[in-house]
Amino acid sequence: MSVAVLARRLKVARSTVQARLERLETSGAIAGYTLRLGDSAREHRIRATCLLTIEPRAQAAILGRLRSLPEVERIHTTSGRVDLLLQLAAISTSQLDDVLDQIGGLTGVKSSESLIHLSTKLDRAT
């Protein structure tokens, strides 16, 4: 939302909003701004979670390869039975199948399990 719209909604001067944003940026509370896809762009993508168990000391190499795959949206380390949790998005089941094959074939990947997201019941991240 633009600074002008934000100021109108908050019923304060535009300069007040701008000054507050600058303080938040300087303090590190705001690290940057990004583009977030709207519902119409996201609804045609198939989402999945991929759970990976990897060989010890293979994480750095695997992370480098995963970062090069555009279908990999997020990578998390975990403390459970799996080592990495990946969030994937693809435009078709065949594209998702291909990327899962690529991930499973990476040197150092011991096992993988994928979970297809069917519907979202709650999303507090947006």
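## Exercises on a predicted protein chain

**Exercise 1.** Is Lys11 buried or exposed, and in which loop is Lys11 found?

*Solution.* Start with the accessible area: Lys11 has a relative accessible area of 76%. The cut-off for exposed is over 50%, so Lys11 counts as exposed. Keep in mind that this is a predicted model. Next, find the residue along the chain: Lys11 sits in the loop that links helix 1 (3-10) with helix 2 (14-27). Finally, look at the backbone: phi of Lys11 is near 60 degrees, which is a positive value in a residue other than glycine. As background, most residues other than glycine have a negative phi.

**Exercise 2.** Now try Arg57: what is the value of its phi, and between which two elements does Arg57 lie?

*Solution.* Begin with the backbone angle: phi of Arg57 is near 65 degrees, again positive in a residue that is not glycine. Then locate the residue: Arg57 belongs to the loop between strand 1 (46-54) and helix 4 (59-67). To finish, check the surface: Arg57 has 86% relative accessibility and therefore counts as exposed.

**Exercise 3.** How many helices and strands does the protein chain have, and which pattern do they follow along the sequence?

*Solution.* Count each kind of element: there are 5 helices and 4 strands. Then read along the sequence to get the order α-α-α-β-α-β-β-α-β.

**Exercise 4.** What is the radius of gyration of the protein chain, and what would a compact globule of 126 residues have?

*Solution.* First take the reference: a compact globule of 126 residues would come out near 14 Å. Then take the chain itself, which has 20 Å. For the outline, the C-alpha trace spans about 55 × 35 × 25 Å along its principal axes. Now turn to burial: 26% of the 126 residues are buried, where buried means under 20% relative accessible area. Last comes the surface: the chain exposes about 9,200 Å², and carbon and sulfur atoms supply 51% of that area.

**Exercise 5.** How many positive and negative side chains are there, and how far apart are the centres of the two sets?

*Solution.* Count the charges: 18 side chains are positive and 13 are negative. Then compare positions: the centres of the two sets lie 11 Å apart.

**Exercise 6.** Which residues does UniProt list for "domain: Transcription regulator AsnC/Lrp ligand binding", and what is the helix and strand content of that span?

*Solution.* Look up the record: the unreviewed UniProt entry gives residues 52-120. Then describe the span: residues 52-120 are 30% helix and 35% strand, and their end C-alpha atoms lie 23 Å apart.

Conventions:
Residues are numbered from 1 along each chain as its sequence is written. This is a predicted model: local features need pLDDT of at least 70, side-chain atom pairs count only at pLDDT 80 or more; totals for chains, interfaces and linings use all residues. Side-chain values use heavy atoms; hydrogens and water are left out. The radius of gyration is taken over C-alpha atoms; the globule rule is 2.2 Å times the number of residues to the power 0.38. Buried means under 20% relative accessible area, exposed over 50%, partly exposed in between (1.4 Å probe, protein chains only). Accessible areas come from the Shrake-Rupley method with a 1.4 Å probe; for residues, only the protein chains shown count as cover. Lys and Arg count as positive and Asp and Glu as negative; His and the chain ends are not counted. The place of a charge is taken as NZ of Lys, CZ of Arg, CG of Asp or CD of Glu. UniProt positions are given in the numbering used here, feature names are shortened, and annotations may be inferred rather than shown by experiment.
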